[in-house]
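Please keep the sequence and the coordinates open side by side while reading what follows. The text moves through enclosed spaces, an open pocket, one helix, and then a few single residues.

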Amino acid sequence: MEFKVGIFGMGYVGLPLAIAFGEVLNTVGYDTNVDKIKLLKKNQDINKEINSKQFRKSKHLVFSNNYKELFDCNIFIIAVPTPITKNYKPDLKFLKSACDKISKILKKDDIVILESTVFPGLTQNYCAKILEKKSKLKYNVDFYCGYSPERINPGDKKHTIKNIKKIVSGSTAKITNKINKLYKRIITAGTIKVKSIEIAEAAKVIENAQRDINIAFINELFIIFQKMNINTYDVLKAASTKWNFNYFEPGLVGGHCIGVDPYYLTYKSESIGYKPKVILSGRSLNNNMPKYYANSIHKDLKTKFNKTKLNILLCGITFKENCSDIRNSKVFDLYKNLIKKGHNIDVFDPLAISTEVK
């Protein structure tokens, strides 16, 4: 089987994936954003994750905002956002839209692979059912599915797509082997085959939930130690001299993964009758940190300047350093809380895209 790859979504996950596959296989990168596709055709990445040299090296890659141009593909990879609603529930509209489009061009023996973060069971119980119903093809007879969780870290030039191990899974053992063969074409760090799609989905969602809980613990320590007038970083430095201490720092937890993925797991858990305690407690604490920081800053400034209204420059609006991604950035919440305190706030960030921020 000669692979021809079609990737839905040219964001932080889909674009690096398309660039990598485009070096070795015929690949089509699809996105609904017409302006983004125009820039990509000019070898320009608005997020500055991919440079011009990488574009030129990907000789077998073309970009399109017409999904019908992916008709000749036999591998469809979905790398669209899976955000949450205002009520912290999974928002699957982008995923559904991608499945709807793929179903119109799906053919016999095609494979659809999800990379977007989901809860265990969603690939087969949601996506496969949409594809089957709308394409009139039978799942695991005429077409197949797989799940290979993305491990992209925006702004990280060390842990790039090729040198991060890739989990692969398929709806049958044979399809798992085909998907494994596909990703081995681009992943130099190696691949890990797992027994089921659900295991791969679960592995992805707990990677970020674990980090969220660990950071929540450190944030709670920060609050306690601040009340005791103890420097948290000095404590962490001392504690990390023990060989099995896991080092995390306090801070704002945002982005598309760590602050979102735990809600996908809790949603699934609650649907089967168990309300998570530790996961939701960590989420609640991390969500409240912007308010805590705003109150702390306000109190300190009032003490030092004897003023309740100050002109404050907030440096950095993206969810973390060295990247342009503002999705779920908790700096926005910090900004709003400082505004409520009556301060005048200016924001500066050389990497953030100003139109998106506004």
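Which helix gives the largest share of the lining of the second largest cavity? In this predicted model, that share, three residues, comes from helix 2, which runs over residues 34–41. The lining of the second largest cavity is made up of Met10, Leu15, Lys36, Leu39, Leu40, Gln44, Asp45 and Ile46, and by class these divide into five nonpolar, one polar and two charged residues. The space that they enclose comes to about 30 Å³.

A search of the whole structure finds two cavities of 30 Å³ or more, and the largest cavity has a volume of about 70 Å³. Around the largest cavity stand Leu17, Glu115, Glu150, Arg151, Ile152, Ile161, Ile164, Lys165 and Lys166, a lining with four nonpolar and five charged residues but no polar ones.

Ile161, one of the residues that line the largest cavity, also appears in the description of an open space, since the second largest pocket has Glu49, Ile50, Gln54, Thr160 and Ile161 as the residues that lie nearest its centre. In total, 20 residues line the second largest pocket, and the elements that give two or more residues to this lining are helix 1 (14–22) and helix 3 (52–57). The volume of the second largest pocket is about 440 Å³, and its lining consists, by class, of seven nonpolar, five polar and eight charged residues.

Next in the sequence before Thr160 is His159, which lies in the loop between strand 6 (144–147) and strand 7 (166–170). Is His159 buried, partly exposed or exposed? With a relative accessibility of 40%, His159 counts as partly exposed. His159 can also be placed relative to Val24, from which it is 135 residues apart in sequence and, C-alpha to C-alpha, 21 Å apart in space.

Further along the chain, helix 11 covers residues 289–305, and its length can be checked against expectation: at 1.5 Å a residue its 17 residues should span 24 Å, and because the end C-alpha atoms are 24 Å apart, the two values agree. The residues of helix 11 that are buried are Met289, Pro290, Tyr293, Ala294, Ser296, His298 and Leu301. An α-helix has 3.6 residues a turn, so residues three or four places apart point the same way. The cover over the buried residues of helix 11 includes helix 7 (197–227), helix 10 (278–287), strand 9 (311–315) and helix 12 (331–340). Helix 11 is followed by Asn306, a residue with a positive phi, near 55 degrees.

The cysteines remain to be considered. How many disulfides does a search of the whole structure find? The search finds zero. A disulfide is a covalent bond between the sulfur atoms of two cysteines. For Cys73, the closest cysteine sulfur is that of Cys99, and because the two sulfurs are 16 Å apart, they are too far for a bond. The sulfur of Cys315 likewise has its closest cysteine sulfur, in Cys323, at 16 Å, and therefore too far for a bond. In accessibility, Cys73 counts as buried because its relative accessibility is 0%, whereas Cys315, at 59% relative accessibility, counts as exposed.

Technical notes: Residues numbered from 1 in each chain as written. Predicted model: local features only at pLDDT ≥ 70, side-chain atom pairs only at ≥ 80, totals over all residues. Heavy atoms only, no water. 1 Å grid on protein atoms, 1.4 Å probe; cavity = no way out; pocket = protein on both sides within 12 Å on 5 of 7 lines; lining within 4 Å. Points joined across faces, edges and corners; volume = space filled by probe spheres on them. Helix = DSSP H or I, 4+ residues; strand = E, 2+ residues; numbered from the N terminus. Nonpolar A, V, L, I, M, F, W, Y, C, P; charged D, E, K, R; others polar. Disulfide = S-S within 2.5 Å. Buried < 20%, exposed > 50% of the residue type's maximum accessible area, 1.4 Å probe, protein only. Expected span 1.5 Å × (residues − 1). Contact = heavy atoms within 4.5 Å.
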